[in-house]
Amino acid sequence: MPLRRKRQPEDEHTHLAIKVDHCEASVETRIEPEIYQPQYAWDLDDDAPLYRITTQLTLAGVATYPESRAGEACELTIYGSNSDRRRIGATVKEVQARDEHGSLKFRSYRGRQIPIYNPPSGMGLIEKVRGEPRWTAWLRVSPLFASDALALVNSGRSLFLAMHERRIKRARWVQGLSFQTTDPAEE
């Protein structure tokens, strides 16, 4: 008799509370490197900034909530750059579904035309480190968010991450993130 795999739920949401116990930060500025190699600049927008400014913040800690995940190590790297305007500046209109002719799609609801959307799966993937009770995630954020996060790091207070995780089949995605000085497990 063949073994049957346990059926995975299609869409599952978890709200994690993580107490941050370690962080590393770096800030970098440089001239946009693709202007020196035009053969690679095909993706470069004429309105892109000439000077690239990048903030990277890695936050590590231990999950405290929910109880089923308590004690698991988590590491999150946020990456804010002024050169990522297309990715982090996306609009709702950009994820509206289109038909085979490129026209926007709508559905009828109570006599009104409502847009149909194809939202992203999440802001960044959350991956389990094989053989360890440790999770990692990496996501792009606005430069303002990265700067605000750096200000919290320097506040001298205890720091916490509240992460909304969405599981779709076997993949886990960051749906939302809050970096704060209050424990989200107590909210």
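**A walk from β8 outwards**

Let's start at one rung of the ladder: L161 has F179 as its bridge partner in β9. Keep in mind that this is a predicted model. That rung belongs to an antiparallel pairing of β8 and β9, which extends over 9 bridges. The two strands make a hairpin, with 2 residues between them. One of the turn residues, K169, is worth a click: K169 has a positive phi of about 55 degrees, even though K169 isn't a glycine.

Now look to the other partner of β8. Here β1 comes in, again antiparallel, and 10 bridges join the two strands. You can pick out individual pairs along this seam. D11 has I168 as its bridge partner in β8, and E12 sits opposite R167 of that strand. So how much of β8 is buried? Of its 10 residues, 8 are buried, leaving the strand mostly covered.

From β1 you can carry on to β2. These two strands are also antiparallel, and their pairing runs over 14 bridges. One of the pairs to find here is R30 with R52, the latter being the partner in β2.

Back to L161, since there's more to see around that side chain. Which residues touch the most other members of the largest nonpolar core? That would be I78 and L161, in a core of 23 residues. Several elements feed into this core: β1 (11–31), β2 (51–65), β3 (73–81), β7 (134–141), α2 (143–153), β8 (159–168) and β9 (171–180) each give two or more residues. The largest share comes from β7, with 4 residues. As a general backdrop, nonpolar side chains in soluble globular proteins tend to be buried together.

It's fun to trace the surroundings of L161 one by one. Setting aside neighbours within four places in sequence, L161 contacts L16, A17, I18 and V20, then L59 and L76, and finally L177, S178, F179 and P184. F179 in that list is the bridge partner we began with.

Next, the loops, where a couple of backbone details deserve a look. The loop between β2 and β3 holds P66, and the peptide bond joining Y65 to P66 is cis, with omega at about -5 degrees. Further along, R110 is in the loop between β4 (106–109) and β5 (112–115). R110 has a positive phi of about 50 degrees without being a glycine, so that makes a second residue to set beside K169 and its phi of about 55 degrees. Is R110 buried or exposed? R110 is exposed, at a relative accessible area of 75%.

Last stop: the cysteines. How many disulfides does a search of the whole structure find? The count is 0. C23 is in no disulfide, and the nearest cysteine sulfur, belonging to C74, is 15 Å away. Why no bond for C74? The closest cysteine sulfur to that of C74 is the one in C23, and because 15 Å lies between them, they are too far apart for a bond; the cut-off used is 2.5 Å. The two cysteines also sit in their own settings: C23 is partly exposed, with a relative accessible area of 29%, whereas C74 counts as buried at 11%.

Notes: Residues numbered from 1 in each chain as written. Predicted model: local features only at pLDDT ≥ 70, side-chain atom pairs only at ≥ 80, totals over all residues. Heavy atoms only, no water. Buried < 20%, exposed > 50% of the residue type's maximum accessible area, 1.4 Å probe, protein only. Core = buried A, V, L, I, M, F, W, Y, C linked by side-chain atoms within 4.5 Å. Contact = heavy atoms within 4.5 Å. Pairing = 2+ DSSP bridges.
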